[in-house]
Amino acid sequence: MEEISWDDFAKVALMVGTVVRVEPFPEARRPAYKVWVDFGPEVGERKSSAQITALYRPDELVGRQIVGVVNFASKQIGPFRSEFLLTGFYQADGAVVMAVPERAVPNGARLG
């Protein structure tokens, strides 16, 4: 594994936000949801495609806080433009467990 400096890590804007809306994304090549997250006043609301369908239902995601990378370039995924990366950990079967704060923090709080 390549080591990075603190300056390299500091370039990645990992922020907490609250899920405000989730929709199915049937056009995605792999099962995914369209997820809208409020990252607070500095960043605002952003949307992403997230492959988290194996462990989460849309109705249980709304209102939950997640950790996202908000300074990646946006990416076109089929007919949808993804504006942040929802972070998580892969299980052996490929299912994604979302990275979430252990306690509630203000939207826009930055990891670091």
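**Figure 1. An open sheet of 5 strands in a predicted model.** The strand order is β3-β2-β1-β4-β7. Pairing in this sheet is antiparallel. β3 (45-50) and β7 (85-86) stand at the edges. Each has a single partner strand, so one side of each is left without a neighbour in the sheet.

**Figure 2. The join between β4 and β7.** Strand β4 covers residues 65-69. 2 bridges link β4 to β7, and the two strands run antiparallel. Look for Val69: its bridge partner in β7 is Leu85.

**Figure 3. The elements along the protein chain.** The chain has 2 helices and 9 strands. Start at the N terminus and read α-β-β-β-α-β-β-β-β-β-β.

**Figure 4. The overall size of the protein chain.** The C-alpha atoms fill a box of roughly 40 × 35 × 30 Å, taken along the principal axes. The radius of gyration is 14 Å. A compact globule with 112 residues would have a value near 13 Å, so the two agree.

**Figure 5. Inside the protein chain.** Of the 112 residues, 36% are buried. Now take the contacts between residues at least 6 apart in sequence. Among these, 59% join residues at least 24 apart.

**Figure 6. The surface and charges of the protein chain.** About 7200 Å² is exposed. Carbon and sulfur atoms supply 53% of that area. The chain carries 13 positive and 14 negative charges. The mean positions of the two groups are 5 Å apart.

Key. Residues numbered from 1 in each chain as written. Predicted model: local features only at pLDDT ≥ 70, side-chain atom pairs only at ≥ 80, totals over all residues. Heavy atoms only, no water. Pairing = 2+ DSSP bridges. Helix = DSSP H or I, 4+ residues; strand = E, 2+ residues; numbered from the N terminus. Rg over C-alpha atoms; globule rule 2.2 N^0.38 Å. Buried < 20%, exposed > 50% of the residue type's maximum accessible area, 1.4 Å probe, protein only. Contact = heavy atoms within 4.5 Å. Areas by Shrake-Rupley, 256 points an atom, 1.4 Å probe, with all protein chains shown as cover. Lys, Arg positive; Asp, Glu negative; His and termini not counted. Charge placed at Lys NZ, Arg CZ, Asp CG, Glu CD.
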